[in-house]
Amino acid sequence: MTLEPAQEEFVRFIGDCGTGVFYESFATTAELQTKVAAKLRELVSAGSPLTFMPLPHPMAVTWRSDFEDRRGSTSNLPAAVEVHVLPATGTNRPARVMAELEQLLPARLRASGQVHAADPLTATRQGGAVVVTVPVRSSRWDEVRAAQLLGVRTAADGQTSAWASLPGDGMGAILDPDALPDQIAGLLRLIGGLGILDDGQVAIGVGVINPQMMSVGRVSGQPRQRATSLMLSNEPTQVPPDELVTLAALGPRAAEVGRTLSRTLIHAISPRR
């Protein structure tokens, strides 16, 4: 059997690695490199325990409301959960690295499997950061909408963020305490799989943006006839990090961290209902 150049590179890498074999499909060399790098990070983080440590000092998060244009159409976007991961030690990526990330991030995002193959991805440079946005998929008002990844961002200071719409229906978005931990864990794994963060410890902030007409409840297979426990304020809920955690939080232990962050976020939202 004749292998394509990218496939030959894949086989040689696995042979030289000596850590085992895994199987993934790929179409381009860039996608191949992303999947190999993600698997190596997974192997490394799998052997490291999930450890929490106190913050050495307060860490400022750049929230989505800070880098989105609030005077434009952002307020009309669906309610979304946002996750921000900050390296414990400061960094300052040069312009050359940021330019490379602008080219690489769309391919890495597609390789993650969290966007549809037909979704057009737009990568832009915004104030020293690279942002990749995913268009909101349309749906009928009388059907349940699944959660959808809406974008990722990485800045020169190392902060890497991802945000996704909440599930919902024609009555609005639904913050489901049962579904939220898995959604946050998925965003953590996505950030880890992008291959941007390699610091041993990170801090994580979570929030909800555009909560107006969002209710706290359960997502069912049928659209609701009425909504209860609606949020009346459109001010975002933001929970900054209060501790450091090892990189296992962005891989094999993401589910555990997702449960913790979900409880914290719902607790912050409860007094505003």
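Gly168 and Ala173 are bridge partners, the latter sitting in strand 8. This bridge belongs to a part of the predicted model in which strand 7 (residues 168–169) and strand 8 (residues 172–175) run antiparallel and are joined by two bridges. The link between strand 7 and strand 8 is a hairpin, made through two residues. On to the next pairing: Ala173 has Met214 as its bridge partner in strand 10. Here the direction is parallel, with three bridges joining strand 8 to strand 10 (residues 214–216). Taken together, these three strands make an open sheet in the order 7-8-10, with mixed pairing. Strand 7 and strand 10 are its edge strands, each pairing on one side only. As a reminder, strands of a sheet pair through backbone hydrogen bonds, either parallel or antiparallel.

Leu175 offers a good view of the surroundings of this sheet. The residue is found in strand 8, and with a relative accessible area of 0% Leu175 is buried. Its C-alpha lies 6.1 Å from that of Ser215, although the two residues are 40 residues apart in sequence. Leaving aside residues up to four places away in sequence, Leu175 touches Met214, Ser215 and Val216, as well as Leu166, Leu180, Val208, Gly217, Ile266 and Ile269.

One of those neighbours, Leu180, leads on to helix 5, where Leu180 is among the buried residues. Helix 5 spans residues 180–193, and its 14 residues reach 20 Å from the first C-alpha to the last, close to the 20 Å expected at 1.5 Å a residue. The helix is mostly covered, since 11 of its 14 residues are buried. Besides Leu180, these are Pro181, Gln183, Ile184, Ala185, Gly186, Leu187, Leu188, Leu190, Ile191 and Gly192. Just after helix 5, the backbone takes a positive phi of about 75 degrees at Gly195.

Helix 4 (residues 95–111) makes a useful companion to this description. With 17 residues, helix 4 reaches 24 Å between its first and last C-alpha, close to the 24 Å expected at 1.5 Å a residue. Even so, helix 4 has a kink of about 40 degrees at Leu104, shortly before the proline Pro106. Pro106 is itself buried, as are Met98, Leu101, Leu105, Arg108, Leu109 and Ala111 in helix 4. A glycine with positive phi follows this helix too: Gly113, near 80 degrees.

Several of the buried residues of helix 4, including Met98, Leu101 and Leu105, are touched by Thr154. Thr154 has its place in strand 5 (residues 148–155). Its relative accessible area is 0%, so Thr154 is buried. The side chains of Thr154 and Arg93 are joined by a polar contact of 2.5 Å. Arg93 accordingly appears among the residues that Thr154 touches, along with Ala129, Val130, Gln159, Thr160 and Ile196, when residues up to four places away in sequence are not counted.

The structure also holds one aromatic pair. Its members are Phe67 and Trp163, whose ring centres are 5.4 Å apart; the pair is tilted because the planes meet at 50 degrees, between the limits of 30 degrees for stacked and 60 for edge-to-face. Phe67 lies in helix 3 (residues 64–67) and Trp163 in strand 6 (residues 160–165), so the pair ties together parts that are 96 residues apart in sequence. Both rings belong to buried residues: Phe67 counts as buried at 15% relative accessibility, and Trp163 does so at 1%.

At the level of the whole chain, there are six helices and 12 strands. Of the 273 residues in the chain, 44% are buried. Among contacts in the chain with a separation of 6 or more, 72% are between residues 24 or more positions apart. The pair of Phe67 and Trp163, with parts 96 residues apart in sequence, and the approach of Leu175 to Ser215 across 40 residues offer two local views of separations of this kind.

Key:
Residues numbered from 1 in each chain as written. Predicted model: local features only at pLDDT ≥ 70, side-chain atom pairs only at ≥ 80, totals over all residues. Heavy atoms only, no water. Phe/Tyr/Trp six-rings, centres within 6.5 Å; stacked < 30°, edge-to-face > 60°. Helix = DSSP H or I, 4+ residues; strand = E, 2+ residues; numbered from the N terminus. Buried < 20%, exposed > 50% of the residue type's maximum accessible area, 1.4 Å probe, protein only. Expected span 1.5 Å × (residues − 1). Polar contact = N/O pair within 3.5 Å; in protein donor to acceptor, adjacent residues only side chain to side chain. Contact = heavy atoms within 4.5 Å. Bend = angle between axes of the 7 residues up to and from the residue. Pairing = 2+ DSSP bridges.
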